[in-house]
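Please open the structure in your viewer and keep the sequence beside it, since this tour moves from one selection to the next.

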Amino acid sequence: MELGESPPSSTARQDKRKPGNVFDEITPQASSSSSTIMKKGPWDVFINHRGCNTKHNLASTIYHTLDLVGLRAFLDVEELELGDSIPHEIQDAMCTAGLHIAIFSQKYAESPCCLADLSFMLKTGTLILPVFYHVQPDDLRWVGKGKGCYAPAFYHRKMKRRYSSKMLNEWETALERASNLSGQVLNRKNGVPLEVAKHPVAMDEIVQDFERTRGKSIQSEEHVHIVGIVGFGGSGKTTLATELYNRRSSSFPRSCFLHDV
């Protein structure tokens, strides 16, 4: 797709719908009759991302998670064959997918292709779920004011005059519109603790008992450890695992809690 190119004619428009946690809606059932995704072609989901930041971690995790529940997601490195026309393949995927996931990472704005794709996605009118990965919505919103972590990339483009003012304004507008959409904020420095239970009872005693009997074997930082929590349904396995994650995850540079896999 050429930078600044418009999508095929469509009367749909992007609005500020509040999808909540879209994954909660689309993962329980993958069939088109029960999914909230309005499938328009071979792709269920298009993942927009900056490869050097997210391709081998977050984007890949989202891709494989969707695949597990029967949703076909387009992630360029996974789907493009040698010799394919990348711009046309990406454009077709954006036009036919029923949901767009935009992963805004710290270096996202340094990629003209990501910005052009975002602008194109907004023009299609397809629902967009933004994921703010180690950035805040304000970083997208403040580009026009010269503030936030995305502002330097736009400043350098203006100085080099490689792109027209019209195109830069279009990209700034696309970022601002995306910042106002309901989405997910993932920030390991300011992470929000996972909800353990509505009415947790005696969690301190339970965790202390676990760490006293099992925790000593996982104190070493030199090895990878796997801990299994076994019990009958409703005995509190997930509650304990969630509480342990909240208490221990800050000790590691990166962490991830996959619920109900």
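The stops below go from a pair of helices to a single serine and then to two loop residues.

Bear in mind throughout that this is a predicted model.

**First stop: two packed helices**

Select residues 203-213, which form helix α10, together with residues 237-248, which form helix α11. The axes of α10 and α11 lie 11 Å apart and make an angle of about 80°; because angles of 65 to 115 degrees count as roughly perpendicular, that is the description that applies to α10 and α11.

To see where they meet, show the side chains of Met203, Asp204, Ile206, Val207, Phe210 and Glu211 on α10, and those of Thr239, Leu240, Glu243, Leu244, Arg247 and Arg248 on α11. Sorted by class, this contact of α10 with α11 is made of six nonpolar, one polar and five charged residues.

Now colour α10 by accessibility: which of its residues are buried? They are Met203, Val207 and Phe210, and as these cover an arc of only 60° around the axis, they sit on the same side of α10. An α-helix has 3.6 residues a turn, so residues three or four places apart point the same way. The buried residues of α10 pack against α11, whereas Glu205 and Arg212 are exposed on the other side of α10.

**Second stop: serine 179**

Next, select serine 179, which belongs to helix α9, residues 165-179. Is this serine buried or exposed? With a relative accessible area of 5%, serine 179 is buried. Leaving aside residues up to four places away in sequence, serine 179 touches Phe132, Pro137, Leu140 and Arg141. Add glutamate 176 to the selection, and you will find its backbone oxygen 2.6 Å from a polar atom of the side chain of serine 179.

**Third stop: two positive phi angles**

Move to histidine 134, in the loop that runs between β4 (128-133) and α7 (137-141). Although histidine 134 is not a glycine, its phi is positive, at about 65°. Its relative accessibility is 21%, so histidine 134 counts as partly exposed.

Finally, select arginine 161, which is placed in the loop between α8 (151-160) and α9. Arginine 161 is likewise a residue other than glycine with a positive phi, in this case near 55°, and at 75% relative accessibility arginine 161 counts as exposed.

Key
Residues numbered from 1 in each chain as written. Predicted model: local features only at pLDDT ≥ 70, side-chain atom pairs only at ≥ 80, totals over all residues. Heavy atoms only, no water. Axes fitted to C-alpha atoms, helices over the stretch in contact; angles between N-to-C directions. Helix = DSSP H or I, 4+ residues; strand = E, 2+ residues; numbered from the N terminus. Parallel < 35°, antiparallel > 145°, perpendicular 65-115°, else oblique. Contact = heavy atoms within 4.5 Å. Nonpolar A, V, L, I, M, F, W, Y, C, P; charged D, E, K, R; others polar. Buried < 20%, exposed > 50% of the residue type's maximum accessible area, 1.4 Å probe, protein only. Arc of directions from axis to C-beta. Polar contact = N/O pair within 3.5 Å; in protein donor to acceptor, adjacent residues only side chain to side chain.
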